[in-house]
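The following explanation is meant to be read with the sequence and the coordinates side by side. It begins with one helix and its surroundings and then turns to other parts of the chain.

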Amino acid sequence: MQQTVGTTTFEGSDEERRLAEQIVQLARLQGRFFSVNAPINLKLDELVGFFASQDKGRDPAELAGAIDAALSANPAVFARGETDDGAVTFTTTRGGRAPVAAPEDMAHTLAERFMTPVELPPPPPPKPAPLISDAWTQPPDFVEEEAEEEAPPAEAPALVAPAAVEAPPAVAEAPEETPVAEAPAAVPEPAPAPALASPSPTEVPVEELRAALAARLEADDRFVSFGEEYYPEDLVDRYSRGDMRRIREYIQEVTEPLGDEMLLQDLFGRRPNEPTFAAARFSLDYRLSREKRDFEFVGTRDSRLWATPNLPPIGTTLRKASELGTDYRYLLDEPAAPDVGAAVTHTLTFFEWVYGVLPYDGVFRQLFPGPYLEDQKTAVLRFDVPQLFVSFLAELRYPTANRGGYLVGFDEFYRENLAPGAVMTIERTPDNNGLFVLRFTATPAREERLLQYDERRNRYVYRAQEIACEQNDEWVLSEARYPRLANVKPLEERERRRPEAVVGAAFERAAENVGTKAQPRYWSSPDELLPVANLERPFSRRALLDVLESPQYPQFTPDPDTEGAFFYEPPAAPAKGKRRAAEDADEDEDIE
């Protein structure tokens, strides 16, 4: 059996099932504005004419027999009818079932109501007039002593009517008609319900219910969606071209992405305590999402931010976004980490400190939110640093098919407060997945010569730098630990794109040469190589081991005597021309 849209099941041969499924789809297209159970009539002659126009080489008589056989084989889907003149008609519904004639309801027809009048209820019993006590007919006595002795409430029973006094016997007779003991007999009737084979609706997973509801709403033209929210289309607020221009100019004036709540309050005077504020927020988000040329959604589920195409970029200008995405391509193969909780502790590498970035790796994918919309490329997140009373924006660029994801916008904060090797913690906030808290442990200020990049000279140099934060010593590039990194020129772009060239350069810059000067052979461990490899491009420990252990790069071999250590033998360099040799000589003189 073959399934189609919904729960429709077809019978017959493969050709008959395929043909029946096509005709059901054709019927749904014809009756797309019908109700689910409304009958849709399909004449056999018209069906033959339609399919004959699609396949002009087929005999109409043969096609009529095939259609008749295919639809007659599915009586649960198509009801066959034939007139006296031989015209055949098949009837189905948009729900994919044969129509069932509903019994005519004659209980509430006009004739039935006239012929069977409703019995009038009995008139209510006459309300007796209240009796006035005889005490109120006597002349008043103004003697204070007697007045104090009188107790008017004691005469109150005389005001009660005789009918009210006789009421209790009527109440006592009520249990004779509906005994209380018979009421529990009706309670055991629902008992067979737990014995049903079908599961209770509460046992269905919430995700399945949400997916089923979303599929129904997506298929209904009366509803529109934005993210996980749906709303009737005819109730969505509409905005004019002038309103859209005001929103665009306001975002450009502020020069940073703005939230939907701020736009509603500042431009349209809406207040969050209004009963219709949630509907207005949905309407604004939905209308802006339709204007893709002028607006881009860069928010999250809880922080819905909107940007315009000409806003200033967030983050460094030392490296293009496409180049950073290529550098982080290796993250596409990184497995997702288990649940990381509400906070992640991260050690800052030299590459991240220079360019002000963070990797969107398997750990940070669990902490930072994913795309809220299907076609969303970036998300702007806010980071608060409570100990410095600082707040700034960072841009999360989601990975694509051939580029990795990363966060950019930390360069100014890194330069002013941290150093390569610093340890920091990023925490999510419970009520806003677009707001994060960044913390680091402050230490007494000290001065140390650390590696820096001299952009003017295009060299790595050691300079005195003040450090006032906790650091991971394994990632600190100090002059005492890596003295040979001084005045080293970065690799050319074509070389830094090759991971084996970057790892080889890390061996030459930081490892011990156990060979000869003519035939060098370097020896080191991944822990020593990883901070140096991150000078040129981002590397994780897993990516570094993939290069060292790959048979594709025979220049790297494991040390059989020391576990975890590797040798590197540089491959023979091609012969240089005179011009290239002269350029290298000039560079050596510059270094000296």
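Helix H10 is followed by Gly-269, a residue whose phi is positive, near 65 degrees. The helix that ends there belongs to a predicted model, and its surroundings serve well as an entry to the fold. The chain as a whole has 592 residues, of which 36% are buried. Its secondary structure comes to 20 helices and 23 strands. Among the contacts in the chain with a separation of 6 or more, 61% are between residues 24 or more positions apart.

Which residues of H10 are buried? They are Asp-260, Leu-263, Leu-264 and Leu-267. Viewed down the axis of H10, these buried residues fall within an arc of 100 degrees, and so they line one face of the helix. The elements that cover them include helix H9, strand E8 (258-259), helix H11 (277-290) and strand E10 (305-307). Two of these elements, H9 and H11, can be followed in detail.

Two packed helices are described by the angle between their axes and the distance between the axes. For H9 (residues 241-254) and H10 (residues 260-268), the angle is about 110 degrees and the axes are 11 Å apart. An angle of 65 to 115 degrees counts as roughly perpendicular, and H9 is therefore roughly perpendicular to H10. The crossing of these two helices is right-handed. On the side of H9, the contact is made by Asp-243, Arg-246, Ile-247, Tyr-250 and Ile-251, and on the side of H10 by Leu-263, Asp-266, Leu-267 and Phe-268. Sorted by character, the residues of this contact comprise six nonpolar, no polar and three charged.

H10 also packs against H11. The axes of H10 and H11 come within 10 Å and cross at roughly 105 degrees, so that these two helices are likewise roughly perpendicular to each other. Here Asp-260, Glu-261, Leu-263 and Leu-264 of H10 meet Phe-277, Ala-280, Arg-281, Leu-284, Asp-285 and Leu-288 of H11. The residues of this contact divide into six nonpolar, no polar and four charged. Leu-263 thus takes part in the contact with H9 and in the contact with H11, and it is one of the buried residues of H10.

The loop between H9 and E8 holds Thr-255. Most residues other than glycine have a negative phi. Thr-255 is not a glycine, yet its phi is positive, about 65 degrees. With a relative accessibility of 44%, Thr-255 counts as partly exposed. A second residue of this kind is Asn-458, which is not a glycine and has a positive phi near 55 degrees. Asn-458 is found in the loop between strand E18 (442-454) and strand E19 (459-469). Its relative accessible area is 27%, and Asn-458 is therefore partly exposed.

H11 has a further neighbour in strand E6 (residues 223-226), where Ser-225 is found. Apart from its neighbours within four places in sequence, Ser-225 is in contact with Glu-218, Tyr-230, Phe-282 and Tyr-286. Ser-225 has a relative accessible area of 25% and is partly exposed. Eleven residues along the chain from Ser-225 is Ala-214, and the C-alpha atoms of the two are separated by 9.3 Å.

Is Leu-418 buried or exposed? Its relative accessible area is 3%, and because a value under 20% counts as buried, Leu-418 is buried. This residue lies in the loop between helix H15 (411-417) and strand E16 (423-429). Leaving aside neighbours within four places in sequence, Leu-418 has contacts with Leu-348, Trp-353, Phe-413, Met-424, Phe-440, Gln-465 and Cys-469. Leu-348 is 70 residues from Leu-418 in sequence, while their C-alpha atoms are 8.6 Å apart in space.

A last helix pair is formed by H1 (residues 14-30) and H2 (residues 44-54), whose axes come within 13 Å and cross at roughly 105 degrees. H1 and H2 are therefore roughly perpendicular to each other. In this pair, Leu-19, Gln-22, Ile-23 and Leu-26 of H1 meet Leu-47, Phe-50 and Phe-51 of H2. The residues of the contact divide into six nonpolar, one polar and no charged.

Conventions: Residues are numbered from 1 along each chain as its sequence is written. This is a predicted model: local features need pLDDT of at least 70, side-chain atom pairs count only at pLDDT 80 or more; totals for chains, interfaces and linings use all residues. Side-chain values use heavy atoms; hydrogens and water are left out. Axes are lines fitted to C-alpha atoms, for helices over the stretch in contact, and angles run from 0 to 180 degrees between N-to-C directions. Helices (H or I, at least four residues) and strands (E, at least two) are DSSP runs, numbered from the N terminus. Angles under 35 degrees count as roughly parallel, over 145 as roughly antiparallel, 65 to 115 as roughly perpendicular and the rest as oblique. A crossing is left-handed if the near helix is turned anticlockwise from the far one by less than a right angle, and right-handed if clockwise. Contact means heavy atoms within 4.5 Å. Ala, Val, Leu, Ile, Met, Phe, Trp, Tyr, Cys and Pro count as nonpolar, Asp, Glu, Lys and Arg as charged, and the others, Gly among them, as polar. Buried means under 20% relative accessible area, exposed over 50%, partly exposed in between (1.4 Å probe, protein chains only). The arc is that of the directions from the helix axis to the C-beta atoms.
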